[in-house]
Amino acid sequence: MSRSILITGANGALGLAIAEYFLTKEADCRVFLGVRERRDRAEELAARFADRAELITLEITSPEAWKTALAEIAGKGTPLGVLINNAGFHEDALLANMSADQWSRVLDANLNAVFHGCQAVLQGMMRERQGRIINISSLSAISSPAGQTNYAAAKAGVIGLTQSLSKEAARMGITVNAVCPGYIEGGLPADWTPEHLKALKMQLPMRRFAKPAEVAAAVFFLASAEASYITGSTLKIDGGLL
Amino acid sequence: MPTRQRLKVLLISELMLDMKEDEIGDDTPLFGPAGIGLDSVDALQVVVMIEKNFGFKMADQEQAKRVLHSVNTIAEALEKQAA
């Protein structure tokens, strides 16, 4: 049966790769690319798969926006089978210097938004008695680097939410899993210098960053029928870094 | 199929209960150790199941608590709605 896939943060490197992976590997799926202001790359992808991919405006921190977006998806006729909570950002600072706003913004976008998304899709998935939720956490949830108290706490919260929700939803045919990517090509801060990147690669067991498609492949697997007994899991995709 | 029997069939299939219809008495409490032993996750599912199959929507948690006590209380609520 065909299904709809909703990916938040679909204008970023990983969101785009996940969308493209689904569009390429699952011929009859419809992909909704959740975006906000920045949408140029998502538009390009949607143009390439015009009959099966489309943009959907979604302010992930707003429960109302989720309702509107899901009503729009429902109106297209293909039930939402997969939610990928991928959107997020970090705003690093040492805790001693971090403003309360910096803390709240990062928690809102990376953790509260995942709560809103899961809550919004849950009832529809319960009705269908099937569904896949994949939450993109981060290696920072596990390694908790200095300067990321807000981001590390939010992403660790995503893992906790994932594990707890997986128990609530298991009997309803819904699986909930988290993925913790490490460094991804195209997903690194633009102001990192080539020297910095080179030094960073030297610390990685594989001496290279992940290709976005390598993370997308894992997400695709977790959304597949073959992963039907995997729920509440956290999959680290870091080239052996941790 | 009579409503009570249909409810039992649905409860067993939707909640994946390892029991037969005749093991669920009409007045057997659905929740707690004295009854079938359903939990709060099951309750959420039963609410959705009733809405999906009978078009009955719970007004609030208090009503859900009353209605979901047993097969009989659910059936009575459905019959009241149909009347």
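This is a short tour of a predicted model with chains A and B, stop by stop.

**Before you start.** Residues count from 1 along each chain as its sequence is written, while chains are lettered from A and ligands numbered from 1 in the order in which they are written. Because the model is predicted, local features need pLDDT of at least 70 and side-chain atom pairs count only at pLDDT 80 or more, whereas totals for chains, interfaces and linings use all residues.

**Stop 1: the sheet of chain A.** Color chain A by secondary structure; helices (H or I, at least four residues) and strands (E, at least two) are DSSP runs, numbered from the N terminus. You should find an open sheet of 7 strands with parallel pairing, in the order β3-β2-β1-β4-β5-β6-β7. Strands pair if DSSP finds at least two bridges between them. Select 53-57 and 234-237 of chain A: these are the edge strands β3 and β7, each pairing on one side only. On average, neighbouring strands of the sheet are turned by 20° against each other, direction ignored.

Next, add residues 30-35 of chain A, strand β2, which runs parallel to β3(A) and is joined to it by 5 bridges. For one of the pairings, show A:Phe32, whose bridge partner in β3(A) is A:Glu54.

**Stop 2: a helix on that sheet.** Select 149-169 of chain A. This is α6, which packs on the sheet and touches β5 (131-136), β6 (174-181) and β7 of chain A. Its direction makes about 165° with that of β6(A); axes are lines fitted to C-alpha atoms, for helices over the stretch in contact, and angles run from 0 to 180 degrees between N-to-C directions.

**Stop 3: where the chains meet.** Show both chains together. The contact takes 5 residues from chain A and 6 residues from chain B, with contact meaning C-beta atoms, placed from the backbone, within 7 Å. Chain A's side has 2 nonpolar, no polar and 3 charged residues. Here Ala, Val, Leu, Ile, Met, Phe, Trp, Tyr, Cys and Pro count as nonpolar, Asp, Glu, Lys and Arg as charged, and the others, Gly among them, as polar.

**Stop 4: chain B.** Hide chain A. Chain B has 4 helices and 0 strands, and its C-alpha atoms fill a box of roughly 30 × 30 × 20 Å along the principal axes.

Finally, select 3-14 and 71-82 of chain B: the axes of α1 and α4 come within 9 Å and cross at roughly 120°. Show B:Thr3, B:Arg4, B:Leu7 and B:Lys8 in α1(B), which meet B:Val71, B:Ile74, B:Ala75, B:Leu78 and B:Glu79 in α4(B). By class, this contact has 5 nonpolar, 1 polar and 3 charged residues.

Definitions and conventions. Contact = placed C-beta atoms within 7 Å.
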